Amino acid sequence: MKRIALTLPFALLLGLGVAFGTDGKRVDKFRQLEEILPTPNVYRAGSGAPGHAYWQQRADYAIDVVLDDDERRITGSETITYHNASPDTLEYIWVQIDPNIFSPESHAVRTALSPNLDNAGFRTLERTMAYENWDGGAEITSVRDANGNEIAHTINGTMMRVDLPAPVKSKTSTTFSIDWTYLVNDSSLVGGRTGFEHFEEDGNTLYEIAQFYPRVASYNDVTGWQHKQYLGRGEFTLEFGDYHVHITVPDDHIVASTGVLENPEEVLTQTQRSRLASAEGTDEQVFIVTPEEAKANESTAPTGTKTWIFDAKNVRDFAFASSRKFIWDARHHPIEGGEAAWAMSYYPNEGEPLWSKYSTTAIVHTLDTYSKRTFPYPYPVAISVNGPVGGMEYPMICFNGPRPEKDGTYSARTKYGLISVIIHEVGHNWFPMIVNSDERQWTWMDEGLNSFMQYLSEQEWETDYPSRSGEPKNIVRYMTSTNQVPIMTNSESILQFGNNAYAKPATALNVLRETVMGRELFDFAFQKYSQRWMFKRPMPADLFRTMEDASAVDLDWFWRGWFYSTDHTDLAIDGVTQYRIDSQDPEIEASIAKAERGAEPETIAQVRNASMPKRIEANPALADFYNSFDELDITPSDRRAFENLVESLDDNELALLRLRRNFYVVDISNAGGLVMPVILEVRYTDGSTEELRIPAEIWRQNTDAVSKLVMTEKTIESIVLDPHLETADADVDNNRFPRETAMATIKLSKRPPSPKNPMQKARADSERGE
């Protein structure tokens with residue numbers, strides 16, 4: 001314990017001085033981001049909202065597509081009406097030809113890295129060799145203008161430039177048509193976001209079809225044409241539009257699709273239509289195709305084809321699934337603040353009993369939890385399909401992979417994996433299907449935000465739901481790893497993809513909500529961002545600026561640390577010093593000083609010398625004044641000095657002098673580099689506790705070390721830094737004062753004896769009869 005010796009004039013101690021960084025240079029981690037973020041303009045305001053002149057393009061599609069079940073081939077024809085809302089005149093239009101990623105000549109295939117052949121399995125080698133004899137690239141058979149005339153076009157990998165016969169001017173539109181065909185990939189050999197699964201047991205095939213049609217690339221105010229090659233990780237950047245789609249399939253197939261079925265009387269049985277009608281408005285789950293009916297369908301053979309017609313309004317993409325194996329259940333669920341929507345699931349009997357129990361309920365749960373935190377779900381249907389694609393999202397429909405074992409049993413991992421992937425993929429309807437970010441450039445803007453929303457939704461499913469991301473403690477290993485890049489990295493250059501683009505931004509938003517901003521401010525600001533940018537295309541700066549604009553919280557330090565750097569959190573309590581006010585009353589201070597002196601430990605020499613004969617004991621005449629003098633004894637002059645001091649003080653100063661308060665200076669260091677709020681749990685000797693929540697701005701003048709003053713009438717027993725594990729601190733062992741003894745376990749094992757030489761091995765084999 002140290003004393004505070006007050007001197008005239010008296011001043012109340014408010015804090016301690018700050019220093020510069022350990023290298024002598026000031027490190028400003030609170031530097032504003034204005035030098036990095038794009039300058040606000042008429043298209044994107046400084047508040048993070050769309051500017052008064054904001055614009056975006058639009059593309060409407062009329063598509064006829066045929067699924068050939070024998071050849072496993074897609075053949076299609078489409079007419080695109082492109083609306084140029086930009087202030088620019090466009091001489092050509094870029095179109096995405098995504099099936100070309102499956103061409104042996106694609107950038108994705110040619111730049112693929114070698115698998116680990118030192119420990120290659122049969123499946124690894126089979127998948128590696130799949131491209132040798134298979135080409136899934138699209139054949140573009142025709143590109144025509146509105147009059148049927150062929151249009152010049154150039155294909156570059158997964159992009160095609162359509163050279164318009166006449167430029168499309170601002171605020172006008174143009175129409176052109178494309179015909180194409182391609183082979184659907186076998187997902188067991190050539191994975192992706194689309195493909196088929198063949199069931200050897202019954203000879204049937206299940207198709208999940210996406211990226212199947214030439215799609216207009218995005219043209220926007222930030223990048224112009226977004227026509228980066230599709231390499232696999234960076235997903236899609238698309239325009240909104242209306243879709244009218246004819247899907248021709250074998251006549252015993254059931255089709256799940258983006259949009260609303262326009263011809264149910266032509267493709268559904270009377271029984272199926274009646275079941276749908278009975279479910280509407282009831283909010284109860286109903287089988288439209290029962291498991292028994294789906295099982296019976298597996299042994300049927302088509303007699304021809306049927307064409308299913310779907311309309312989808314104001315969507316950025318379109319996908320569908322088709323199979324005779326589908327069980328189909330549906331629930332018509334009311335949306336608070338919006339229109340009721342169908343929650344539907346399609347799955348083969350191989351998905352039972354897991355899918356009928358959880359899939360549609362997980363859809364409904366997602367519609368409820370996402371709607372209340374952002375905006376009401378605006379589409380008429382939300383679909384989950386079980387098939388070969390493990391997890392992928394499209395407007396109104398998503399593909400999800402988890403299934404039980406063949407005997408119908410399943411692990412907890414499979415159960416929660418299914419619930420989580422459905423929440424995640426259905427949640428993508430909000431991010432990016434409606435809040436339409438640039439996936440090709442910024443994976444985190446949809447995956448990270450959606451993973452955060454998924455975490456919140458999972459926590460509302462059940463207590464102690466085993467969420468994989470969101471909790472700060474779960475991201476520590478990644479944030480302390482060496483092989484990483486900042487979140488603000490292009491999708492194709494990301495290292496540790498899942499952690500970087502999903503888990504870290506999800507955790508960052510959770511930290512913002514729980515620790516930096518608080519739930520009330522965060523929830524309002526995040527909802528404001530979602531509503532500002534629904535059916536529009538936000539960029540990172542729009543999110544960053546909106547979160548500050550709607551909360552009055554300066555977050556530049558947070559974005560800089562979490563999104564633009566690879567720093568991690570590692571705060572530590574380096575020491576705690578207790579101060580008390582020196583009363584300057586000799587009666588009090590002398591007693592305290594003597595007690596402190598008496599408490600000092602004896603040195604080893606003092607202990608051993610205690611019994612040693614002393615000369616002064618043999619010759620007492622050697623003793624004088626100093627042998628009995630104690631510098632801590634009180635003298636009359638000490639008392640007079642104190643009386644004079646008291647007489648010179650005013651009432652305020654006298655009250656300060658008599659203040660019986662403990663002052664604790666907590667020294668905290670920052671070894672990880674990431675500045676974060678300081679949360680201290682203080683436990684007192686009387687058994688009470690107090691939590692101190694100190695904003696991150698405590699680091700604004702020195703990002704390496706700070707000292708925080710804690711004033712209390714009580715005596716502190718212990719202090720814990722980050723007691724609720726809310727800052728992703730990498731080393732919690734140095735977060736306690738006083739330090740605790742680390743505990744570990746010793747796990748004993750015993751290895752069975754093994755033959756020591758070839759002769760012993762041969763003898764053992766002989767004894768086993770081998």
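## Helix ends, faces and packing in a predicted model

Gly-281 follows helix α4 and has a positive phi, near 85°. The model discussed here is predicted.

Q: Which residues of helix α4 (residues 270-279) are buried?
A: Burial here requires under 20% relative accessible area. In α4, the buried residues are Gln-272, Leu-276 and Ala-279.

Q: How wide an arc do the buried residues of α4 cover around the axis?
A: The residues concerned are Gln-272, Leu-276 and Ala-279. They sit on the same side of α4, because their arc around the axis is only 65°.

Q: Which exposed residues does α4 carry on the face turned away from its buried side?
A: The buried side packs against β15 (254-257), α3 (264-267), β17 (286-289), β20 (327-333) and β21 (341-347). The face turned away from that buried side carries the exposed residues Gln-270 and Ala-277.

Q: Which strands stand at the edges of the open sheet β6-β7-β4-β11?
A: Four strands form this sheet, and the pairing is antiparallel. An edge strand has a single partner, so one side of it is left without a neighbour in the sheet. The strands placed this way are β6 (153-156) and β11 (215-216).

Q: Which residue in β11 stands opposite Val-95?
A: Strand β4 (residues 90-96) and β11 pair in the antiparallel sense over two bridges. Opposite Val-95 stands Val-216.

Q: Which helix gives the largest share of the largest nonpolar core?
A: This core has 185 residues. Phe-212, Trp-328, Trp-444, Phe-558, Trp-562 and Phe-563 touch the most other members. The largest share, eight residues, comes from helix α6 (residues 354-373).

Q: Which residues does Phe-212 touch, not counting those up to four places away in sequence?
A: Phe-212 is among the core residues that touch the most other members. Its contacts are Ile-63, Val-65, Ile-74, Trp-180, Tyr-182, Phe-318, Ala-319 and Phe-320.

Q: Is Thr-546 buried or exposed?
A: Thr-546 lies in helix α12 (residues 540-549). Beyond its neighbours within four places in sequence, Thr-546 contacts residues including Ser-47, Gly-48, Tyr-529 and Trp-533. Its relative accessibility is 0%, so Thr-546 counts as buried.

Q: How is helix α10 (residues 497-516) oriented to helix α11 (residues 519-532)?
A: Leu-509, Leu-512, Arg-513 and Glu-514 in α10 meet Arg-519, Phe-522, Asp-523 and Phe-526 in α11. The two axes come within 6 Å and cross at roughly 130°. That angle makes α10, relative to α11, oblique.

Technical notes: Residues are numbered from 1 along each chain as its sequence is written. This is a predicted model: local features need pLDDT of at least 70, side-chain atom pairs count only at pLDDT 80 or more; totals for chains, interfaces and linings use all residues. Side-chain values use heavy atoms; hydrogens and water are left out. A nonpolar core is a set of buried Ala, Val, Leu, Ile, Met, Phe, Trp, Tyr and Cys residues joined through side-chain atoms within 4.5 Å. Buried means under 20% relative accessible area, exposed over 50%, partly exposed in between (1.4 Å probe, protein chains only). Contact means heavy atoms within 4.5 Å. Two strands pair if DSSP finds at least two bridges between them. The arc is that of the directions from the helix axis to the C-beta atoms. Axes are lines fitted to C-alpha atoms, for helices over the stretch in contact, and angles run from 0 to 180 degrees between N-to-C directions. Angles under 35 degrees count as roughly parallel, over 145 as roughly antiparallel, 65 to 115 as roughly perpendicular and the rest as oblique.
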